[in-house]
Amino acid sequence: MEMIGPALLTIITAATPLLFAALGEMVTEKSGVLNLGVEGMMIMGAILGFVAVHFTDSVTVALLVSILAGSAMAALFGLLVLKFHASQVPTGLALTIFGIGLSALIGQSMVGIAYDGLPKLSLPVLSSLPFIGDVFFRHDILVYLSLIMVFVIYYFLNKTRAGLILRAVGDSHDAAHAMGYPVVKIRFLAILFGGGMAGLGGAYLSLAYSPLWVEQMTAGRGWIALALVVFASWRPGRVLLGAYLFGGITILQLHAQALGIGVPSQVMSMLPYLATIIVLVIISSDPGKIRLNAPASLGRPFHPSR
Amino acid sequence: MLPSLVKRQQPSTLMVYLSPVIALILSMVAGVILFLIMKVSPFGGLHAFFIEPLSTKYGIAELGVKATPLVLIGVALSLGFKAGVWNIGAEGQLTIGGLCGGAMALYFYEQQGFHIIPLILATGIVSGMAYASIVAFLRVKFNANEILTSLMLSYVAVLFLNLMVHGPLKDPDGFNFPESRMFSDSALLPILLEGTRLHIGALLALTVVAIGWIVMSKTLLGYQIKAAGSAPAASEHAGFRRSKVIWITLLIGGGIAGLAGAIEVSGPIGQLQPSISPGYGFTAIIVAYVGRLHPVGAMLAGILLALTYLGGETAQIQLNLPVAVTGVFQALLLFFLLACDVLIHYRIQFTEQAVRVENT
Amino acid sequence: MTSSNNYLLDIQGMTKSFPGVLANDGVDLQIKPGEVHALLGENGAGKSTLVKMIYGILKPDHGTIRIKGTPVTIDDPAKARELGIAMVFQHFSLFESLNVVENIALGIHADSDLKSLAKEVVELSERYGLPLDPNRHVYTLSVGERQRIEILRCLLQKPQLLVMDEPTSVLTPQEVQKLFMTLNRLAEEGLSILYISHKLDEIKALCHRATILRMGKKVATVTVSEQSTTSLANMMMGEAFTESSKTRNRQIGEVRLRVNDLNTQATDATGISLKDINIEVRAGEIVGIAGVAGNGQDELLKALNGEESNTDASSVLIEDRQAGKLGPNDRRRAGLASVPEKRLGHGAIPDMDLIDNAFMTGYQRMGLLIRGIINYRKTRSFAQQVINDYGVKTSSSTVSAESLSGGNLQKFIIGRELTQQPDILVVSQPTWGVDAGATQTIRQALRDLAEQGAAVLIISQDLDELMDITDRIGAICGGRVSSFYPTESVTIDQVGLLMAGVDLEAGAEHAS
């Protein structure tokens with residue numbers, strides 16, 4: 001029993017950055033844009049959030065800066081892809097390479113500085129429940145926010161007209177354009193949203209999970225988030241499930257040695273990556289299913305005819 | 001007068017070649033701005049980056065050393081990207097190639113023979129191919145996105161190398177450092193230029209460029225690769241199976257990345273370490289694009305990006321700039337290139353306010 | 001000229017040019033309230049350009065638009081809808097992954113809740129004879145049903161003018177009759193309809209007046225009842241219109257292509273499975289397969305040319321040789337050439353030049369490859385030969401395929417296949433969207449090929465075309481192919497029944 005509490009806490013903390021990034025990317029992809037730059041946006045959110053908290057000591061400012069950092073990166077991507085008609089795959093790759101380089105540059109003087117971590121918000125009454133209170137109701141604001149976002153995005157996509165329009169643009173940009181919807185503007189907003197969410201995911205890493213700045217600290221989480229979107233068949237509830245599943249794999253990694261399993265740490269570190277591959281294989285092996293769920297215009301360039 | 005983009009009737013051939021040049025110039029301008037922000041003299045910065053490294057014979061030879069893996073992988077990735085096969089895990093294939101090639105070198109520790117180096121390189125190729133074939137298999141058999149699988153396998157490969165140099169391949173007399181023994185001389189690539197590190201790998205890279213060029217411009221295989229990339233359905237109509245193109249391009253990419261890995265460990269490094277590449281596999285993606293997905297272009301772009309690595313090192317020593325500047329500069333180059341490429345298919349037109357319907 | 005107040009829509013002097021083309025040159029058009037007005041012209045005459053300007057998709061270079069006498073500027077489709085103009089496109093603007101109500105909701109730009117909208121849809125669809133289930137997803141619907149969504153979407157906006165762009169090209173003759181009943185009913189209720197078509201019999205059957213366009217210019221506006229089909233055709237074509245000769249002096253020989261109980265499994269939910277297909281095509285014969293789009297035409301073409309090879313080797317026989325398991329190249333070597341429906345991206349590679357595109361399917365039979373190396377000298381002359389022989393209008397063989405007009409590209413693709421002298425040709429939609437001149441060239445080339453003893457199978461949605469050039473005809477519906485009948489022995493209505501999957505009575509004479 002005494003193992004379970006910390007284990008659940010680890011799952012939640014490991015899942016939260018993935019949840020943010022994957023939810024954001026899902027909304028971007030729902031609009032028909034594949035942004036492979038999640039890793040780059042995340043890490044920029046991580047470093048700039050850390051810098052902000054270091055200089056202002058304000059969590060609010062830090063989180064806003066992270067959102068802006070992710071969105072600014074996303075805006076760069078959006079500009080290239082939507083205005084300059086650049087191909088989405090290489091542009092996303094460039095964004096990742098850029099983010100990793102720029103964050104290392106900015107973060108040079110931040111290495112080795114410690115931060116206390118985001119304050120925990122204990123929900124009144126609920127947090128005093130034995131066991132459950134500790135595990136579920138004493139988290140920082142980002143954990144709660146990530147869970148709220150699952151519902152907000154579900155509601156937005158399925159219950160609002162704006163969400164319907166977003167899905168329509170992702171299904172057929174030509175049809176949406178023919179009906180007079182501003183495809184480029186809608187996509188740009190979706191890209192910005194994805195960037196902001198990735199920025200928050202990054203902020204969680206540098207402000208709560210670690211909490212400190214290390215070069216390349218996202219360690220492929222942006223890419224895992226991309227895989228999670230596929231795993232989730234572009235559904236918010238399943239993104240939640242997927243993120244917590246990966247959080248679960250992370251606890252294996254952290255607690256295996258504590259449990260006295262004689263597996264080298266490198267092998268345990270491989271687990272999330274290998275799990276991503278396995279999950280992709282399982283979910284992709286039915287191409288019909290992917291085609292029905294994936295936004296039909298995903299990754300296709302949009303050239304309004306004349 | 002507002003600038004607007006107008007689609008060209010024919011893609012501009014001039015812009016295909018001019019775009020990388022404009023991108024380079026814009027990246028330099030951005031570099032100057034970056035230097036100003038970092039309070040470094042822009043002239044000194046550019047000098048350190050682009051002139052200083054080339055001012056000595058040793059520097060030029062180092063350019064060749066750094067360009068070798070970039071050109072090799074850049075050419076191989078060009079083929080894959082041309083076919084629309086997104087192998088972005090060359091870093092992992094390079095790592096596995098280096099690891100297995102290195103293991104072969106250690107196997108022949110303190111032995112002599114001219115067969116050793118060819119065996120090391122062949123091991124690099126075969127192991128890189130084998131590693132890439134996982135990606136191809138998962139793509140063809142299970143439709144798993146090759147971007148994600150190849151990248152995940154890169155992380156796995158680096159961890160695996162780390163595990164090996166901490167374990168079985170660790171130098172028994174190395175004070176527990178996570179490194180292998182230094183390879184024997186028989187397992188080290190011959191040096192081309194006395195007093196430098198320039199090795200015969202550079203010649204291999206030139207050979208690969210030449211072969212790549214011939215394949216892409218003259219052979220059925222090259223045609224199939226181009227067709228598969230620009231119109232998959234038409235390519236199937238012509239009778240080229242998509243799965244075959246995926247297999248071939250991934251095997252070529254993996255094999256050559258593996259070769260580059262083996263060249264790195266038996267060339268400039270000379271042993272196995274936890275890290276055998278400063279991200280050559282990822283930078284090669286930029287090389288392939290800046291080189292217009294053309295083997296000769298990849299050669300030129302490989303040399304340019306090798307220069308940014310060298311320049312980054314010089315700038316670090318002389319101006320105390322962080323190495324990360326290199327990555328930023330490389331990414332900026334790719335961004336500007338992607339932006340400039342719009343001019344291949346579009347031209348800029350300065351028009352007055354859009355023509356309105358006359359309401360008379 | 002009459003006072004424009006009598007007209008719902010009054011357009012004067014519309015001009016629109018694109019780089020290299022004057023698509024509309026001073027076109028006038030007047031539509032009265034409650035009138036079904038035809039816009040008639042060949043492919044490429046400028047009909048689509050004019051309509052796009054009326055609907056605000058394109059901006060005219062010059063010209064005025066008045067609605068009930070008031071000059072208006074139509075900047076975008078939203079403005080057009082505001083002015084009471086609704087449009088049903090030839091290519092539907094539908095979202096496959098969304099359901100019918102969601103699609104309609106997206107089209108009407110009003111924030112109404114989906115439940116009450118669904119009710120409204122059902123009511124309207126019953127009233128105008130357009131049955132539709134509001135909760136079905138679009139990808140499960142037939143082309144006819146999809147068109148109904150578009151029409152309902154328009155009607156919900158209570159428009160004054162309904163623009164319909166070639167609406168019948170995707171329907172069976174029976175569905176066309178039903179559509180005409182709906183349109184007549186709407187016109188009686190006072191709705192004006194602008195009906196775009198190049199099919200004369202439809203215009204005779206439905207429209208009150210017609211405006212004829214030719215090469216971007218207005219030829220005339222006429223009262224349809226005062227015109228004969230021939231006089232309309234003359235105005236449309238600009239030259240004495242001659243019925244193509246139906247004389248056939250072909251020798252029908254042995255069976256060259258035989259399909260035996262061909263079955264395939266659809267690869268995903270949006271695909272069609274082919275079921276128990278039997279076809280035979282003889283030397284010197286042209287056989288046609290009619291059908292509404294999306295009934296398995298693409299799958300059939302791929303099953304025949306080898307892009308989707310079969311597990312049953314005997315399902316396809318080329319000259320009595322089992323070819324079911326062979327891929328496209330082996331079938332080409334065996335003598336079967338094919339021309340897919342989609343030209344750019346399937347029949348040709350858009351960004352490659354005509355030389356490379358000639359190589360694409362020609363490298364085996366034309367011997368363009370020596371030990372894996374491409375013989376570019378020979379490939380160039382092959383491409384040039386196709387360009388010369390089939391009158392492909394292009395500045396050189398080094399321009400990209402995508403820069404050619406639809407008709408020229410189709411001439412090139414068909415020429416590429418025919419120059420290789422195939423024994424069997426399977427062609428899908430040979431003249432779809434192709435201008436009149438190229439259509440004639442292509443049909444003649446197909447006739448000549450059959451005359452030389454090849455077996456020709458044409459899969460087409462254009463019934464007039466099939467009735468014109470085939471010897472025997474059948475239809476595909478839901479992945480099944482009907483029996484075949486001598487073309488002169490069946491009426492268009494009977495083929496319509498075949499297209500709807502109805503078995504003609506046992507009394508009908510079967511093909512030998």
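User: In this predicted model, how far apart are the centres of domain 1 and domain 2 of chain B, taken over C-alpha atoms?

Analyst: The centres of domain 1 of chain B and domain 2 of chain B are separated by 31 Å, taken over C-alpha atoms. Domain 1 of chain B covers 1–40 + 325–360, and domain 2 covers 63–320.

User: A distance between centres does not describe the interface. How many residues of domain 1 of chain B are in contact with domain 2 of chain B?

Analyst: Contact here is a matter of heavy atoms within 4.5 Å. On that basis, 15 residues of domain 1 of chain B contact 11 residues of domain 2 of chain B.

User: Let us turn to overall form. What does the radius of gyration say about chain C?

Analyst: The radius is read against the value expected for a compact globule, which would be near 24 Å for 512 residues; chain C has 24 Å and therefore agrees. Along the principal axes, the C-alpha trace of chain C spans about 70 × 50 × 45 Å. Its secondary structure comprises 16 helices and 23 strands.

User: Which helices and strands does chain A have, by number?

Analyst: Chain A has 13 helices and two strands. The radius of gyration of chain A is 19 Å, close to the 19 Å given by the globule rule for 306 residues, so chain A is as compact as a globular protein of that length. A box of roughly 65 × 45 × 45 Å, taken along the principal axes, is filled by the C-alpha atoms of chain A.

User: How should the surface and the charges of chain A be read?

Analyst: The surface is read by area and by atom type. Chain A exposes about 11,700 Å², with carbon and sulfur atoms supplying 69% of it. For the charges, one compares the centres of the two sets: the 16 positive and 12 negative side chains of chain A have centres 16 Å apart.

User: What are the corresponding values for chain C?

Analyst: The accessible surface of chain C is about 20,300 Å², and 47% of it belongs to carbon and sulfur atoms. The 52 positive and 64 negative charges of chain C have mean positions 3 Å apart.

User: Finally, a single residue: is Gly296(C) buried or exposed?

Analyst: A residue counts as buried under 20% relative accessible area. Gly296(C) has 1%, so Gly296(C) is buried. Gly296(C) sits in the loop between strand E13 (286–290) and helix H9 (297–305) of chain C.

User: Which residues does Gly296(C) touch, not counting those up to four places away in sequence?

Analyst: With that exclusion, Gly296(C) touches Ile272(C), Leu274(C) and Ile476(C). Tyr376(C), 80 residues from Gly296(C) in sequence, lies 37 Å away in space, C-alpha to C-alpha.

Note on methods: Residues numbered from 1 in each chain as written. Chains lettered and ligands numbered in written order. Heavy atoms only, no water. Helix = DSSP H or I, 4+ residues; strand = E, 2+ residues; numbered from the N terminus. Rg over C-alpha atoms; globule rule 2.2 N^0.38 Å. Areas by Shrake-Rupley, 256 points an atom, 1.4 Å probe, with all protein chains shown as cover. Lys, Arg positive; Asp, Glu negative; His and termini not counted. Charge placed at Lys NZ, Arg CZ, Asp CG, Glu CD. Domains from an automatic or database assignment. Buried < 20%, exposed > 50% of the residue type's maximum accessible area, 1.4 Å probe, protein only.
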